[in-house]
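Biologist: I'd like a close look at a single part of this protein. Could you pick one helix and walk me through what surrounds that part?

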Amino acid sequence: MATSLLLRRAVSCRSVLLRRCIDLQSRDFSAAVARPGGVSSDPARRIGPPSLAPAEFIRLNARGFAKGKKSKDDSAAGSVDVATDIGPSVKEAAKSQMDAAVVALSRELAKLRTGRASAGMLDHIIVETGGVKMPLNRLAVVSVIDPKTLSVNPYDPNTVKELEKAIVSSPLGLNPQVDGQRLIANIPPLTKEHMQAMNKVVAKSCEDVKQSIRRARQKALDTIKKAGSSFPKDNAKKLEKEVDELTKKFVKSAEEICKAKEKEIISG
């Protein structure tokens, strides 16, 4: 439809130009030559439109129109879309999310009580002192005296009683004793039922973190898919493979952490 409209306009312009050329050539300028200050009879000093035949005038104007149209098309053809390389950002985002999931797993498993003393096993305990609730690791330094004994050294000796109360109230089953300005907590051996319960918690935590890692993978693949034609197909396949390799790496890391925790629980 746009082409037919342009053709109609071109035909209309041609008709107008032809009529004007014929009109100009049919005019008589001799009277103007006779008047003072009129048009000179000398062709070199004549003022007015050039004496071109109508067909020649139209041909020259049509040529100029064609040149202008061609330059416009050439300009459009010269524009090139530059593809954006999304690879580094996609991999970095996926790696960051997967790493965060593994770190969270390590923290959760550190809260589980086994038959061995661990400095991180008290970190999740919340202590209320002076009307403010804070994690125990912000109020005291926890250290391992031996595989069966923990030492809790408060930054402020006046908080010993609050620390003792919080540890006793926790689900760890510990009964710390005041030793001067610190607390001593003996780690009792795990019962068979306790070991089984802890292993179930570890298995569930492992499965949860693997799901988080797979969600990060799927998010990366969705980002690649949304890029569409702006991202080369070969590069997309290569990037998908790299994301899969990252996924396998972090899943394996999570499984190793969980196996180590299960071994720690069973060994008591």
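Modeller: Here is a walk along helix H6 and the core around it. Bear in mind that this is a predicted model, where local features need pLDDT of at least 70, side-chain atom pairs count only at pLDDT 80 or more, and totals for chains, interfaces and linings use all residues. Numbering runs from 1 along each chain as its sequence is written, and side-chain values use heavy atoms, with hydrogens and water left out.

The protein chain has 7 helices and 6 strands, taken as DSSP runs numbered from the N terminus (helices are H or I, at least four residues; strands are E, at least two). H6 covers residues 192–227, and its 36 residues reach 54 Å from first C-alpha to last. That's close to the expected 52 Å, which is 1.5 Å times one less than the number of residues. After H6 comes Gly 228, with a positive phi near 60°.

Buried residues (under 20% relative accessible area, 1.4 Å probe, protein chains only) of H6 include Met 198, Val 202, Ile 213 and Ile 224, but also Ser 205 and Lys 210. Helices H4 (87–110) and H7 (233–267) are among what covers them.

Now the largest nonpolar core, meaning buried Ala, Val, Leu, Ile, Met, Phe, Trp, Tyr and Cys joined through side-chain atoms within 4.5 Å. It has 30 residues, and Val 90, Met 98 and Ile 213 touch the most other members. H4, H6 and H7 each supply at least two residues, with the largest share, 10 residues, coming from H6. Beyond its neighbours within four places in sequence, Met 98 is in contact (heavy atoms within 4.5 Å) with residues including Ile 213, Ala 216, Arg 217 and Phe 250.

Note on methods
Buried means under 20% relative accessible area, exposed over 50%, partly exposed in between (1.4 Å probe, protein chains only).
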